[in-house]
Amino acid sequence: MRYSIFSVLREAFNGQRGWRPAWREPDPKPAYDVVIVGGGGHGLATAYYLAKVHGLRNIAVVERGYLGSGNVGRNTTIVRSNYLLPGNTPFYEWSLKLWEGLEQDLNYNAMVSQRGVLNLCHTDSQRDAYARRGNAMRLCGVDAELLDREQVRALVPILDFDHARFPIKGGLLQRRGGTVRHDAVAWGYARAADQRGVDIIQNCEVTGIRIEGGRIIGVETTRGFIGAKKVGLACAGRTSQVAAMAGLRLPIESHVLQAFVSEGVKPLLHHVVTFGAGHFYVSQSDKGGLVFGGDIDGYNSYAQRGNLPTIEDVMEEGFALIPSLGRLRVLRHWGGIMDMSMDGSPIIDRTPVEGLYLNCGWCYGGFKATPASGWCFAHTIARDEPHPLNAAYRLDRFATGALIDEKGSGAQPNLH
Ligand SMILES: Cc1cc2nc3c(=O)[nH]c(=O)nc-3n(C[C@H](O)[C@H](O)[C@H](O)COP(=O)(O)OP(=O)(O)OC[C@H]3O[C@@H](n4cnc5c(N)ncnc54)[C@H](O)[C@@H]3O)c2cc1C
């Protein structure tokens with residue numbers, strides 16, 4: 001069934017009886033050509049592009065919980081491509097281009113909102129760094145505008161421009177950045193993949209990886225053994241655990257990141273705004289709640305909930321930026337398990353096990369990468385070689401030293 005104004009009208013006159021489930025609930029088949037582990041954004045996008053771009057038909061996505069129960073449904077929904085380093089900029093720009101056409105491609109309303117992402121600067125040296133980043137972006141054909149303080153004030157008047165410690169000096173604006181409704185991304189990719197014959201199998205946890213003679217032959221799951229010629233891991237915060245089933249030890253740590261949403265208020269923030277003197281980012285959802293977050297909790301964990309000291313820290317940063325935030329009540333907060341790599345950049349690559357592929361290390365920024373990640377991972381799996389856009393995201397870069405340290409923090413996963 002195609003979604004359109006006509007289908008909405010037809011169902012309005014039909015008592016809403018014609019809607020069908022957005023995807024099937026199939027039982028696992030004995031074997032598939034490709035099994036993707038993880039029904040998050042990246043796994044579902046990979047399956048979709050494997051079917052759409054590479055013409056594969058016999059594909060399954062296996063998900064331990066319900067679809068979208070991981071980070072894809074827990075993030076703060078920010079998408080952008082304002083990266084500095086050569087390995088990153090073209091990849092994230094391709095992702096943003098795919099976001100721009102995603103709703104038409106998937107025939108699904110993902111509420112893509114290019115409301116602009118504004119990174120604030122609070123010192124002269126930070127403004128210089130933003131000028132450099134903006135120039136690098138423009139050299140790669142990515143939009144970037146360096147704003148002075150008054151231009152920022154015209155866009156976002158509610159900020160504290162004269163804070164004693166963190167006065168706002170200006171900002172780097174990417175107008176094409178913005179937000180996308182995160183659950184709808186999972187549902188849209190799932191529906192579109194299902195329509196191309198992909199089996200999406202929920203409540204099916206991978207508990208083992210079967211390898212014979214150095215080659216993958218399938219996965220053990222809570223719903224029995226599923227044979228596979230190729231297996232792609234896209235299980236975000238649990239990647240280290242699942243990869244260990246194949247004997248791999250990865251340069252990944254799992255950390256909790258929290259997000260918060262306030263009670264709904266009238267429109268007061270039209271952009272995504274990030275604080276430059278700490279780590280705080282905020283936008284306003286279409287329901288009116290302010291959606292915001294900050295740093296990870298700072299120690300390794302597999303818990304999908306966070307702790308109070310980080311909440312206090314995030315609130316302090318928020319108040320330093322927008323004092324009126326203190327008048328709002330926080331309605332909900334939650335946590336997700338982040339796959340933090342040693343250099344802050346992702347891995348999309350083959351592994352030493354033949355037929356086993358890896359997609360992980362997304363740190364704070366994997367949601368915006370979802371379309372390009374799926375696109376490149378599908379290419380890597382289907383063709384057995386990286387796409388030019390993910391050629392730098394190699395697993396062996398941690399041995400060769402060809403790191404992509406966008407933030408310049410060194411091998412400190414909790415600082416990226
Ligand atoms: C609070 C928070 C805020 C964030 N904000 C942003 C943001 O604003 N912008 C941005 O770009 N990024 C953001 N991110 C990061 C982004 O959400 C993630 O990097 C991205 O969603 C990870 O990819 P995914 O969607 O495939 O992961 P997930 O949705 O986590 O998918 C992985 C799936 O694998 C499944 N799985 C794990 N183990 C197994 C197993 N053994 N068998 C079967 N299935 C398994 C999990 O259940 C899960 O559903 C944020 C993350 C968090 C937690």
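These are my notes on the domains, the ligand shell and three helix pairs of this predicted model.

**Ground rules**

I count residues from 1 along each chain, following the sequence as written. Since this is a predicted model, I take local features only at pLDDT of at least 70 and side-chain atom pairs only at pLDDT 80 or more, while totals for chains, interfaces and linings use all residues.

**Domains**

I started with the domain assignment, whose bounds come from an automatic or database source. For the chain I have domain 1 (29-77 + 182-251 + 343-415) and domain 2 (113-177 + 254-341). Their C-alpha centres are 28 Å apart. At the boundary I find 24 residues of domain 1 in contact with 18 residues of domain 2; contact here means C-beta atoms, placed from the backbone, within 7 Å. The side of domain 1 that touches domain 2 has 9 nonpolar, 12 polar and 3 charged residues. For these classes, Ala, Val, Leu, Ile, Met, Phe, Trp, Tyr, Cys and Pro are nonpolar, Asp, Glu, Lys and Arg are charged, and the others, Gly among them, are polar.

**Ligand shell**

Next I looked around the ligand, taking a residue as near if its C-beta atom, placed from the backbone, lies within 6 Å. I get 40 residues, and Gly38, Gly40, Gly70, Gly336 and Gly366 come nearest. The shell splits into 15 nonpolar, 19 polar and 6 charged residues. Both domain 1 and domain 2 put in at least three residues each. I also see at least two shell residues from each of helix 2 (41-52), strand 12 (252-264) and strand 16 (330-341). The numbering runs from the N terminus over DSSP runs, with helices as H or I of at least four residues and strands as E of at least two.

**Helix 2 with helix 6**

Which way does helix 2 run relative to helix 6? The axes of helix 2 and helix 6 (residues 182-195) come within 9 Å and cross at roughly 30°. My axes are lines fitted to C-alpha atoms, for helices over the stretch in contact, with angles from 0 to 180 degrees between N-to-C directions. Helix 2 and helix 6 are therefore roughly parallel; the scale is under 35 degrees for roughly parallel, over 145 for roughly antiparallel, 65 to 115 for roughly perpendicular, and oblique for the rest. Helix 2 contacts helix 6 through residues including Leu44 and Tyr48, and helix 6 answers with Val185 and Tyr189 among others. That contact has 11 nonpolar residues, 1 polar and no charged.

**Helix 2 with helix 9**

Helix 2 and helix 9 (residues 370-383) have axes that come within 7 Å and cross at roughly 55°. I therefore log this pair as oblique. Helix 2 uses residues including His42 and Tyr49 here, and helix 9 supplies Trp375 and Phe377 among others. I count 10 nonpolar, 6 polar and no charged residues in this contact.

**Helix 3 with helix 9**

The axes of helix 3 (residues 89-106) and helix 9 come within 7 Å and cross at roughly 105°. That makes the two roughly perpendicular. From helix 9 I note Pro371, Ala372 and Trp375, facing helix 3 residues that include Phe91, Trp94 and Trp99. The tally for helix 3 with helix 9 is 9 nonpolar, 1 polar and no charged.

Definitions and conventions:
Two residues are in contact if their C-beta atoms, placed from the backbone, lie within 7 Å.
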